[in-house]
Every structure is written in C-alpha cells, then in structure tokens.
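Trainee: I am new to this structure. Please take one part and walk me through it closely.

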Amino acid sequence: MTHAELAGTWLEAAGRPAIADRLEGIYRLVADQIEARGPACWASGRCCNFEQAGHRLYVTGLEAAYCLARLDGVPPDSPAIDRARLAGGCPFQRSNLCGVHAIKPLGCRTYFCDRSAQDWQHDVTERAHSLVAGVHEDFGVPYRYMEWRAMLELFATADAR
C-alpha cells in the first residue's frame, strides 16, 4: 500500500463515527486516569520540544488521521515539519502551547514533564495504546506506529502527490 493509499484509508476511517467514538472513549479513559493522579502541567512547552525533553512521540496512522481530520486550519506541510524537526519540536506548538490540544494523540495526552508522573505514565500509555491498536484490528484499519513528525510527513507527502 502506498503512502497516499494509507493516508486516505486512515482519514476515511477516522471520519467514521464508530471509530471516532472508540478513540474518544480511549482518550476519556486516559483523561480520567490522569486526573486521578493529578500530574502538574506548567504549560511550559517543554514536552513539545522532543529533543530538549529527551523523548519521542509515537502515533498510529489512525491517531494522526483523527487529529488531522479535525484540524481547524491547514495541516503542516513538509517544510513546516522540517522546521519543527530542526528546532527539536512539534509543528503544532504555538509559543508554549499546543495548537491541537483538544485533538492531540495519545502520547501527548499521557506525557508529562512532572517527575512524579514518571512512575506511571509509561504503563498508562502502553495500556491505552493496546486499546488503540485494537481499534485498528477491530475495524480492519492498517496499523503503522511511527514517530509523530515522520507520520505527519507521510500525510504531507501523500497530499502532495
């Protein structure tokens, strides 16, 4: 399957109400688990600077499509993704804030710079990711798990063809 075919398949799937409902249910479950633990978020933007924070954000194709399909604006193109990569961060970061906060992928929802979150955030992420992988499987949606900017690049180059 070509990148364009994959991107198209994921975008179509992300637009289906049953799939969107399942993803949103997973995101609510994660939000409830995080709220129960109460990690601090200082809106510093450090978590969005992957190089500085020393972490990578990985997403499935369906998660990326869910986010891109709900964008209020134009998705980042290859030059914007390259600029973000060179700066070490995310193309959706605006100053210290997330430009896609309400529609961000799972990895963004579960990662906190707060050191008290280090003990549990990996487990929450892994359990929720298995649920997202299950959505791919249950609905027959091709599964790919890639670094966020690489996945965005896949979508950007698919649109360019």
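Mentor: What follows is a close look at one helix, H7, set within its chain.

Some ground rules come before the helix. This is a predicted model, in which local features need pLDDT of at least 70 and side-chain atom pairs count only at pLDDT 80 or more, while totals for chains, interfaces and linings use all residues. Residues are numbered from 1 along each chain as its sequence is written, and side-chain values use heavy atoms, with hydrogens and water left out.

Start with the whole chain. The protein chain has eight helices and four strands. Here helices (H or I, at least four residues) and strands (E, at least two) are DSSP runs, numbered from the N terminus. From that end, the order of elements is α-α-α-β-α-α-β-β-α-α-β-α. The C-alpha trace spans about 45 × 35 × 25 Å along its principal axes. For 161 residues, a compact globule would have a radius of gyration near 15 Å, and the protein chain agrees because it has 15 Å. That radius is taken over C-alpha atoms, and the globule rule is 2.2 Å times the number of residues to the power 0.38.

Buried residues make up 47% of the 161. Buried means under 20% relative accessible area, exposed over 50%, and partly exposed in between (1.4 Å probe, protein chains only). Sequence-distant pairs matter for the count of contacts (heavy atoms within 4.5 Å). Among contacts between residues at least 6 apart in sequence, 82% join residues at least 24 apart.

Now the helix itself. H7 covers residues 121–138, which is 18 residues. From first C-alpha to last it reaches 26 Å, close to the 26 Å expected at 1.5 Å a residue. The expected span is 1.5 Å times one less than the number of residues. Just after H7, Gly140 takes a positive phi of about 65°.

Which residues of H7 are buried? They are Gln121, Val124, Thr125, Ala128, His129, Val132, Gly134, Val135 and His136. The cover over these buried residues includes helices H1 (3–14), H2 (17–37), H4 (61–69) and H6 (106–110). Strands E1 (58–60) and E4 (145–147) are also part of that cover.

Take Thr125, which lies in H7. Thr125 counts as buried because its relative accessibility is 16%. Setting aside residues up to four places away in sequence, Thr125 touches Leu106 and Thr110. Thr110 leads on to His55: their C-alpha atoms are separated by 12 Å, though the two are 55 residues apart along the chain. His55 sits in the loop between helix H3 (50–53) and E1. At 13% relative accessibility, His55 is buried too.

H2 offers another view of the helix. Arg37 is found in H2. With 40% relative accessibility, Arg37 counts as partly exposed. Beyond its neighbours within four places in sequence, Arg37 is in contact with Trp120, Val124 and Arg127. Val124 is one of the buried residues of H7. Arg37 and Ser116 are 79 residues apart in sequence, yet 9.3 Å apart in space, C-alpha to C-alpha.

One last stop lies in another loop. Pro76 is found between H4 and helix H5 (78–87). Pro76 is buried, with a relative accessible area of 12%. Leaving aside neighbours within four places, its contacts are Leu68, Ile81, Pro91, Phe92, Leu152 and Ala156.
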